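Me: I am new to this structure and would like a close look at one part of it, the aromatic pairs. Please begin with the disulfides and the cysteines, then go on to the rings.

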Amino acid sequence: MSILQALDIGLAVLVLAVAAWTIFAREAFAAVVAFVAYGLLLSLVWVRLFAVDVALTEAAIGSGVTGVLLIGAAGRLRQAKKSAASEQPSKPLRVWAFVLCVLVTLALAVVVLSLPDPAPTLAPEAAQNLAGTGLGNPITGVLLAFRSFDTMLEKVVLVLAVVGVWSLASDRYWGGAPGTSRSAEPEGTRALLAQLLPPLGILIGVHIVWVGADEPGGAFQGGAILAAMWMITMMARLTEMPPISSVWLRLALISGPAVFVAIGVAGIAMAGGFFAYPAGFAKPLILFIEGFMTLSIAVTLPILVGGPPQRLPRR
Amino acid sequence: MTDFLLSSAGFILFTVAVGLVRILGGPTNADRVMATQLLGTGGITSLLLVATATGVRGVDDVALGLALLAAFAAIAFVDNAAAPEPDDGEGANDR
Amino acid sequence: MTLVLDIFSIIAICAGTFFFFAGTVGLLRFPDSLSRLHALTKADNVGLGLIVLGLLPLTESLLASLKLVATWALIQLASATTAQLIARALRRSGQVP
Amino acid sequence: MSAATLAGLIGAALVGLGLYGLITNPQPMRKILAFNLVGSGVFLLFGIIARRGAAAGFVADPVPQAMVITGIVVAFSASALAVALVLRLYEVSGGVTLQSDAAEGPTANKADA
């Protein structure tokens with residue numbers, strides 16, 4: 001057994017141990033902390049699968065932004081009443097659930113072990129058509145050219161999630177800002193971090209979007225890092241969540257899907273098909289869309305973490 | 001050299017992981033956050049070592065991204081879970 | 001020349017690995033949260049620092065070396081901040097005298 | 001066993017673990033965590049299909065990878081909506097139980113302004 005294999009097996013055991021902890025831990029907070037560690041380990045697994053784009057997404061969204069969301073929620077729920085004993089599932093139910101889950105796992109494991117060889121793949125098709133887009137990163141090609149319709153709908157899902165979260169606001173807070181007031185003085189340590197980190201973070205975020213055309217990276221990953229930078233200035237009380245009635249905020253939220261749809265519709269006239277790019281203009285158009293998508297993601301993620309408005313609107 | 005880098009990566013990941021699995025049990029939530037922090041640094045380090053050993057492109061960006069977000073869990077923890085008394089959440093009194 | 005650089009890398013990486021080991025031992029064995037915090041920051045700062053130093057001669061381009069150093073600098077910043085914040089949170093919650 | 005097969009088996013185990021947590025854990029927050037485990041397990045299964053489909057000079061099939069990337073973002077927005085619902089439930093009722101209102105007691109009727 002080579003060292004790399006030993007490393008893989010160790011990593012697998014570790015991922016499963018931490019995952020089991022998130023399920024079986026007695027305290028909710030311990031489970032959430034374990035989930036953050038789990039996201040980090042998962043991005044190592046993705047690197048071992050040579051899926052660096054996915055590893056970047058998992059690191060930024062799966063571990064970073066989701067971690068802040070869940071830790072915040074677990075902290076606010078600390079005072080919640082413990083669930084009643086009657087809610088605990090009975091022992092037979094747990095046994096049945098256990099048997100069911102073992103069966104599901106075994107079935108999936110059998111499927112994994114009996115996958116066809118050679119594996120079916122779309123890589124040759126992607127490689128063949130990639131030249132037409134002018135891109136070097138096949139994943140960006142799939143996201144923004146070959147399956148752009150999926151990506152556009154996924155941006156719409158993000159907007160719908162924002163609508164869903166905002167709709168949970170009390171009537172009196174409608175039009176106000178999410179989060180509690182940041183009236184307290186910015187505190188030194190955090191303020192320092194929030195002043196030093198964003199300049200470098202914005203540089204790295206933009207770099208990741210820019211190289212995404214040819215190397216691992218892209219609008220999702222870079223946008224998530226930019227979102228994290230905005231979040232850290234809010235966590236240090238240097239900036240506040242904007243009120244949800246703010247026009248620029250709403251424009252930024254929909255700019256990604258709106259530009260995407262507009263260019264898709266323009267494709268009918270210009271290139272003879274919905275979401276078709278005119279020959280020779282594919283790469284500039286894709287970069288144009290990616291720019292607005294990055295903006296949308298960078299604004300949407302913190303808004304989703306911020307939750308529904310909780311302050312009275314200014315009148 | 002490759003084997004050396006990989007063994008170092010494995011060794012670091014596992015010392016850190018042993019710490020994590022042991023510390024997740026508590027005593028305090030602060031210890032749990034510290035253990036996650038150590039796993040983060042250890043994970044980034046092994047990522048850099050494995051990336052150099054196997055030559056997968058773009059892994060340095062993953063390490064950079066993880067390093068940028070390293071402080072997030074701890075700050076969210078201090079903001080929300082470590083405060084002695086949670087806010088009563090009455091937004092109306094804020095302003 | 002390559003041999004010298006390789007030996008340098010190996011020594012630096014071994015030293016860094018040792019600090020991670022020491023940090024974990026400290027996290028497991030020290031009696032109270034503040035000393036555990038002390039052990040943790042050593043692994044963050046010196047452990048990663050030495051390993052980045054050891055990897056620098058093995059990088060292929062200037063950009064890659066810059067990214068390595070930037071990763072280390074970011075972890076420095078994160079670890080210094082979180083150590084402060086966690087220590088303060090511990091004191092506020094009365095777990096530390 | 002290759003790294004890809006191993007990752008596939010991790011994915012299978014994660015789906016099982018998450019499903020168990022989803023069924024047996026009464027707390028909504030823990031159900032959200034469990035649901036995320038199921039999701040990441042499914043993503044890993046996509047991941048090995050991508051890795052096995054390495055061809056034409058690519059280290060992995062880009063199509064499943066792109067789907068996983070959109071999947072991670074959608075999973076995040078679903079989690080954010082679920083967390084907002086749980087927090088709202090807590091605000092209104094003072095508890096986070098998923099049982100029917102009858103078991104809740106009088107606090108459940110506290111009107112929101």
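Reply: The model is a predicted one. Over all chains, the structure holds zero disulfides. Two of the cysteines can be described by their accessibility. A:Cys101 has a relative accessibility of 4% and counts as buried, because the limit for that is under 20%. C:Cys14, with a relative accessible area of 39%, is partly exposed.

Now the rings. Eight aromatic pairs turn up over all chains when the whole structure is searched. One of them joins A:Phe98 and D:Tyr20, whose ring centres are 6.1 Å apart. The planes of these two rings stand at 90°, so the pair is edge-to-face; the angle for that class is over 60 degrees. This pair crosses between chains: A:Phe98 belongs to helix α4 (residues 91-113) of chain A, and D:Tyr20 to helix α1 (residues 3-24) of chain D. D:Tyr20 is buried, at a relative accessible area of 12%.

Another pair lies within chain A, between A:Phe149 and A:Phe274. Their ring centres are 6.0 Å apart and their planes are at 70°, so this pair is edge-to-face as well. It links distant parts of the chain, with the two positions 125 residues apart. A:Phe149 sits in helix α7 (residues 148-166), while A:Phe274 is in the loop between α10 (247-271) and α11 (282-306). A:Phe149 is partly exposed, at 41% relative accessibility. A:Phe274 is also partly exposed, at 41%.

Back at the contact between chains, A:Phe98 and D:Tyr20 form one aromatic cluster together with A:Phe24.

Note on methods:
Residues are numbered from 1 along each chain as its sequence is written. Chains are lettered from A and ligands numbered from 1 in the order in which they are written. This is a predicted model: local features need pLDDT of at least 70, side-chain atom pairs count only at pLDDT 80 or more; totals for chains, interfaces and linings use all residues. Side-chain values use heavy atoms; hydrogens and water are left out. A disulfide is a pair of cysteine sulfur atoms within 2.5 Å. Buried means under 20% relative accessible area, exposed over 50%, partly exposed in between (1.4 Å probe, protein chains only). Rings of Phe, Tyr and Trp (its six-membered ring) pair if their centres lie within 6.5 Å; planes under 30 degrees apart count as stacked, over 60 as edge-to-face and the rest as tilted. Helices (H or I, at least four residues) and strands (E, at least two) are DSSP runs, numbered from the N terminus.
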